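Here is a short tour of a protein model, one chain first and then the place where two chains touch. Have a look at the picture before reading on.

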Amino acid sequence: MKRFKILKSLVIDSIRTTTHGSKKYHLWMAFLTFVMLIGMYCYSIQLKHGLSVTGMSDSVSWGLYISNFTFLVGVAAAAVILVMPTYILKDIDFKQAVLIGEGIAVSALIMCLAFVVADMGGPSVLWHMIPGIGVFNFPNSMLAWDVIALNGYLFINISIPFYILFKLYQGKKPNPKVYIPGALISVFWAVGIHLVTAFLYQGLQARPFWNNALLGPRFLASAFAAGPALIIIVLAIIRTYTAFKIEDKTLKKIALVVTVAAQINLIMLVSELFKEFYAPTHHSESAYYLFFGLHGKTALLPWIWSAISMNVLATIVLSIHKLRNNFKVLFFACALLFIAIWIEKGFGLIVPGFIPGSYGKIVEYTPTGIEIGVTLGIWAMGAFVFTILAKTAIKIETSEMRYKKLDY
Amino acid sequence: MENKKWFSLNLSNRKKQSIISCGCEKTTENCNHNLVKDTEQKDGFEQVFDVKMNRRTAFKKLTASLLIGAGAVSTSCSVITDDDTKEKAQIDWEEQFKGNYKLMTDDEKNATVNRLVRSYELRTGKTISMSSKNAEEDVLFGYAFNISKCKGYMDCVSACVEENNQDRNSQMQYIRIHEMEDGKGLNFAEADDNYYHEVPAKGHFYLGTQCFHCDNPPCVEVCPVKATWKEDDGIVVIDYDWCVGCRYCMAACPYDGRRFNWSNPEIPEEEVNKEQHYLGNRLRKKGVMEKCTFCIQRSRKGKNPACVDACPTGARIFGNLLDPNSTIRWVLENKKVFRLKEDLGTEPKFWYFMD
């Protein structure tokens, strides 16, 4: 009974925390709400007229939604970079950041699920996918695996921080015996969600561009570069605008992880390019289309070349100690890397998988305004969820929000 | 044969199993589902709650109460609802929460077919006939395409569209005829599948593609909800009402065999083919997959698919692969046949040959 009382008080305190704040905070939340409303309006148009309002077609049947989904799975998986050192290797430098990292994972996963739902032709029959009342094609379909992987990871990443914050809220110390097993599972699970998502594409013999053994490992490398890069940027913002102290040491350690992952990602890119262009076969046509264009169709060229140049530039900058340890340069490089990998996962991976089509026909893909509107709306929702989670977590961690302490 | 690591189509000694199907895809010995369920009416959610009695009855009660609730809401919201509107709402509700066709008993299949026929009658005043005929024993359908004979008239394409009630707005077509230049072999990349000129064009030959009804279909493997499967007579079908529209099957198909309803399909009422099959040409809705079903509504009645009958040159041959006297078997045994992308191990039941 007492627990429910504490929980009730926690919910009330959290609501009070998230509805009060500075003018900047309110402006930020109002802006996100506005973008979300635009997204909902666009989605209502899509619901009414069907997916024909998007740029997708029978040739390119997945587009912006699935691209963002793929990218965000990587961002979610990257929380493991903070979880493992903190809970398992007991590295105190990461301790301050770990809850923020888990918050990013939760909001990224919510965005993933939203993108999948937005991509569905029949969202009203999605209950067919719920194990128990629907029919689940497990273990044959990788999509069925992915549903389990994503929801499981979401559960782990909600429950561990919730337990820790719930204890801290009462002024108690969280018991490591309770959360360490969960953290341990989450480490493997994080690698799992990203590999499973890669297998979703990798397992299709119909799409030679995806059907290669490097896809899974490369997903991991790029995820461990883009995810922590986002975490660095978010931590930098948090330490500028809130009382939450994050030490330089923490940022520098995460930057090292980003650097190594970005380097590995580049090596794998070189390996892929070598395979496609040294002895090109019929199966290299998608790569040719992506990097050089085919038969005068060149829609993806600006995307992929800007992604590659940003990627290379960011990796070089990060590899030089002097530059990496300069925070202004570090944040810039992280932003570059984040955008570069976002392009690489979307326009550089999902779209060219469908071009040229099964019989060599080239139909290009450009997202429509409605598609972009829904996408922005979902990103705003992710930012909204993260802001709420982070604000509550920070208030509890800085001991400002405590059970039966009403003086803030 | 036994040690082969990959899948291969076997026509000579297909294992004959008299399986009492319970939908769990296991043989009778391994299946631990109770097979006495024919005695009971099962529908919707209950298909998966078929293990314990108490749970099932509990769920039945839950569904019944939901039904009453929905009925109450629909009547209380409108004072002037007539019986037809109520019946329509009732049908829509039951259709929304019905189960996967593949797992239905014959009675349930009949029930949903009757609901769909009645629903069409309520909406348009016209009567359709819809079949839920199952696959017959010792039948495995196959198809052969004579490249030498096809002249690119596209009569098959229009016959297919009319027969299978495809969306006229987006001009959806299951069949593609590729016009290829002589002397370049099977060069799909340079072929034209969207020509508007007199045929046969000089120096060209024609080749048609559609769903190949693979014996090892990748599209079936990837579907997260088992909304598409291979029937016992080899036809790969889709339950349009169970499909969630994720389009994973579309990405998995190496032959461009599948089509998606990007918007609400529209067919003028007078053009609707009213001889329908649940797994075949019945009307679809937006957001679901569809494709060639070898005209299941015709082939299960012993007729040829519409494209075969419409072809003026006799380039298309259809028949039972398990019948040693069928034309298709004669073609396979006497012509040099080949299939597309055979290295993928999909084992299409669609062969090409030349005279």
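## Contacts along chain A

This is a predicted model, so keep that in mind as you look around. Let's start with who touches whom inside chain A. Take the contacts in chain A with a separation of 6 or more: 79% of them are between residues 24 or more positions apart.

Now for what sits inside. Of the 408 residues in chain A, 46% are buried.

## What chain A is built from

Which kinds of elements does chain A have? It has 14 helices and zero strands. Read from the N terminus on, that gives you α after α, right through to the end of the list. Chain A is as compact as a globular protein of its length, because its radius of gyration, 22 Å, is close to the 22 Å that the globule rule gives for 408 residues.

If you want to picture the outline, imagine a box of roughly 70 × 55 × 40 Å, taken along the principal axes: the C-alpha atoms of chain A fill it.

## Where chains A and B meet

How many residues does each chain bring to the contact? Chain B puts in 39 residues and chain A puts in 34 residues. On the chain B side, the elements giving two or more residues are α5 (218–222), α6 (248–252) and β7 (258–260). The largest share there comes from α6(B), with four residues.

And what are those chain B residues like? Sorted by class, the side of chain B that touches chain A has 25 nonpolar, eight polar and six charged residues.

Terms used. Residues are numbered from 1 along each chain as its sequence is written. Chains are lettered from A and ligands numbered from 1 in the order in which they are written. This is a predicted model: local features need pLDDT of at least 70, side-chain atom pairs count only at pLDDT 80 or more; totals for chains, interfaces and linings use all residues. The radius of gyration is taken over C-alpha atoms; the globule rule is 2.2 Å times the number of residues to the power 0.38. A residue is buried if 20 or more other C-beta atoms lie within 10 Å of its own, exposed if 12 or fewer, and partly exposed in between; C-beta atoms are placed from the backbone. Two residues are in contact if their C-beta atoms, placed from the backbone, lie within 7 Å. Ala, Val, Leu, Ile, Met, Phe, Trp, Tyr, Cys and Pro count as nonpolar, Asp, Glu, Lys and Arg as charged, and the others, Gly among them, as polar.
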